[in-house]
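User: Could you give me a close look at how the strands are put together in one chain of this model? Once that is clear, I would like to know where the partner chain comes in.

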Amino acid sequence: MLDGRGLIRRRAGARLWLSGLWLTVFVLAAVLAPLISPQDPLAQDLMLERLPPAWVAGSEPGYWLGTDSLGRDVLSRIIYGAQVALAVALVAGLATCLIGSALGLVAGFYRGWADRIISRIVDIWMAFPPVLFAILLIAVLGTGLTSVILAIVIIDWTRFCRVVRAETLNQSKMDYVHSAKVAGFTRLRTLLSEILPNVLPVIVALLTLEMGIAVIVEAILSFVNLSISTDQPTWGGMIAEGRTSIHQAWWVLVFPLIALFFTVLSFAQFGEGLRERFDPVLR
Amino acid sequence: MSGFLEIRGLSARLAGTGQRLLRAVDISLPAGSVRGLVGESGAGKSMIGKAVLGVLPKAVEIVEGEILLDGQDLLKVPPAERRRLIGAKAALIPQDPLTALNPSRRIGPQITDRLVDILGWEKARAASRALEVLAEVSIPEPERVMRLYPHELSGGMRQRILIASAFAAEPKLIVADEPTTALDVTVQKQILKLISALQARHGTALLFVTHDLGVVSKVCDTLSVLYAGKVVEDTTVERFFAAPQHPYSRALLAATPRHTDPAASLQPVPQAVIDAAMAEIAAADAAWSAHG
């Protein structure tokens, strides 16, 4: 009668470890930036402009990834750029997740007029081209970190809302929800303690995905010079500056791009890895 | 004779189209007895179970009738009060053990939550009661099982847990909605015996929804045969199997497989019987419309 089902152990997997490792490096870089940066990220020195990375002939010691056209150290700027990326990923990611998931749960569980209103708003929202919408919002809100985060939340909550609504609808049809109703639990209690735990794996996977997307959106806004002041290095800003001197100094563009790429990839993989490891339901 | 559960003249229809789903259904279930609700798919047998437990889909509206649970008309009390009444006095053994337990919560709290939060038991008392009922349905190592997730258990084990959970609060009425349909045949028999034994020991009234007359003959005292939302025969199990009165009942019985006489088994319900039953229902509907 008791079979082996309780004994299955799942491997954590390289996916979780590798992405977790990169994200740890990323978070540490952001938090410890003033301590670990080899140079001042804002110090310009025209004598040192466009120095190549350390392993290319003509490099200077102490400038591991070279310098940009104003002589600023690329590695230090990437490390400081992680601060903005981290702030955007965490704050925008979490806020988007909370708002979108809450609305999705309400729409999917209570149905009726709440669902009709929320779903129509989502439909309308998703008809806007997101990048143009973001640029428009920044134009209204003004530049700055808060505006960038606000713009991401305003645009992206629909992503959560749609998926969470669909999953809530699915779960609501299950017999266990039925049983909770028969037992006499209130609707709210059924939603929070019966349905939410089953929707949570999807929410976590979406959250990590959204963190990656938030980093990209910030980079795009920096790229079109609409993110935050030039005093704070950002990856998107670096990519935009590097673009003009791609033929003379490829490293100015390539290294922040690599940092961006691995961070976004790691967020998505980390979420997927977490779900594989901790979702009690083998899907 | 007045039962613990007394359904009188219950009629329901689909809100949108007005199609009739239940037609003046009368069902009486004395405390401690077992009544089978049989009929083909769509006859309304599950609908009656859902109506009793207050979980009808929104699209179904009750037109008239009474559902008396322990003397109180469930259709006349406000929704919150109805939920409380049903939660305290009735329970459900669901059809599909694979989806009837919450996959992301451990077994223990799924049994005890209801005792603690709805019935106001002490946590320790609820936990010891849960262990007690799990042992009663022959779950080995109940302490360990309480800490497991549903996916760690087999379908038969999960159905036992659901049965334990239904009996945990000592309800006076249990609605079993095809509780063995999703299980394989060998497990079905064990589960039926288990439900019967628990029902007898606890003196629970049991409303047993099924399409399987074989199951009815093993478990039930009385039965109601439903056709198109109407009770066409209300009788005891002995009388039904000895001499079914309604032509549809006879046809239903003839459609049951028998390994002793395979040739006579699985007879489809004759068209003449269906026509006669439909005419009977049309006449009843006409009378109903006239007085309504």
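Analyst: Happily; the strands come next, then the contact between the chains, and then two spots in the partner chain. Residues count from 1 along each chain as its sequence is written, while chains are lettered from A and ligands numbered from 1 in the order in which they are written. The model is predicted, with local features needing pLDDT of at least 70, side-chain atom pairs counting only at pLDDT 80 or more, and totals for chains, interfaces and linings using all residues.

Let us start with β1 (residues 5–14) of chain B. This strand runs antiparallel to β2 (residues 20–29) of chain B, with six bridges between the two (helices, H or I of at least four residues, and strands, E of at least two, are DSSP runs numbered from the N terminus; strands pair if DSSP finds at least two bridges between them). Within this pairing, Glu6(B) of chain B has Ser28(B) as its bridge partner in β2(B). The hairpin of β1(B) and β2(B) has five residues between the strands, and there Gly18(B) adopts a positive phi near 80°. β1(B) also runs antiparallel to β4 (residues 60–69) of chain B, through eight bridges. In that pairing, Leu14(B) faces Val60(B) of β4(B).

Now for another sheet order in chain B. An open sheet of six strands runs β6-β7-β8-β3-β9-β10, with mixed pairing. β6(B) and β10(B) (230–236) are the edge strands, each with a single partner strand, so one side of each has no neighbour in the sheet. From one strand to the next, the twist averages 20° (axes are lines fitted to C-alpha atoms, for helices over the stretch in contact, and angles run from 0 to 180 degrees between N-to-C directions). Within this sheet order, β3 (residues 34–38) and β8 (residues 205–209) of chain B run parallel and are joined by four bridges; here Arg35(B) is bridged to Leu207(B) of β8(B). Helix α10 (residues 247–254) of chain B lies across β9 (222–227) and β10 of chain B, at about 100° to β9(B).

So where does chain A come in? The contact between the chains draws 28 residues from chain B and 21 residues from chain A (two residues are in contact if their C-beta atoms, placed from the backbone, lie within 7 Å). On the chain B side, α2 (79–89), β6 (90–93) and α3 (107–118) each give two or more residues. The largest share of that side, four residues, belongs to α2(B). By class, the chain B side has 15 nonpolar, six polar and seven charged residues (Ala, Val, Leu, Ile, Met, Phe, Trp, Tyr, Cys and Pro are nonpolar; Asp, Glu, Lys and Arg charged; the others, Gly among them, polar).

Over in chain A, the axes of α5 (residues 130–141) and α6 (residues 145–172) come within 9 Å and cross at roughly 135°. The residues making this contact include Phe133(A), Leu137(A) and Leu141(A) of α5(A), and Leu150(A), Ile154(A) and Ile155(A) of α6(A). The contact of α5(A) with α6(A) has 10 nonpolar residues, one polar and no charged ones.

Finally, Leu51(A) sits in the loop between α2 (33–36) and α3 (74–110) of chain A. Its C-alpha atom is 4.8 Å from that of Gly66(A), though the two residues are 15 residues apart along the chain. Setting aside neighbours within four places in sequence, Leu51(A) contacts Ser59(A), Glu60(A), Tyr63(A), Gly66(A) and Thr67(A).
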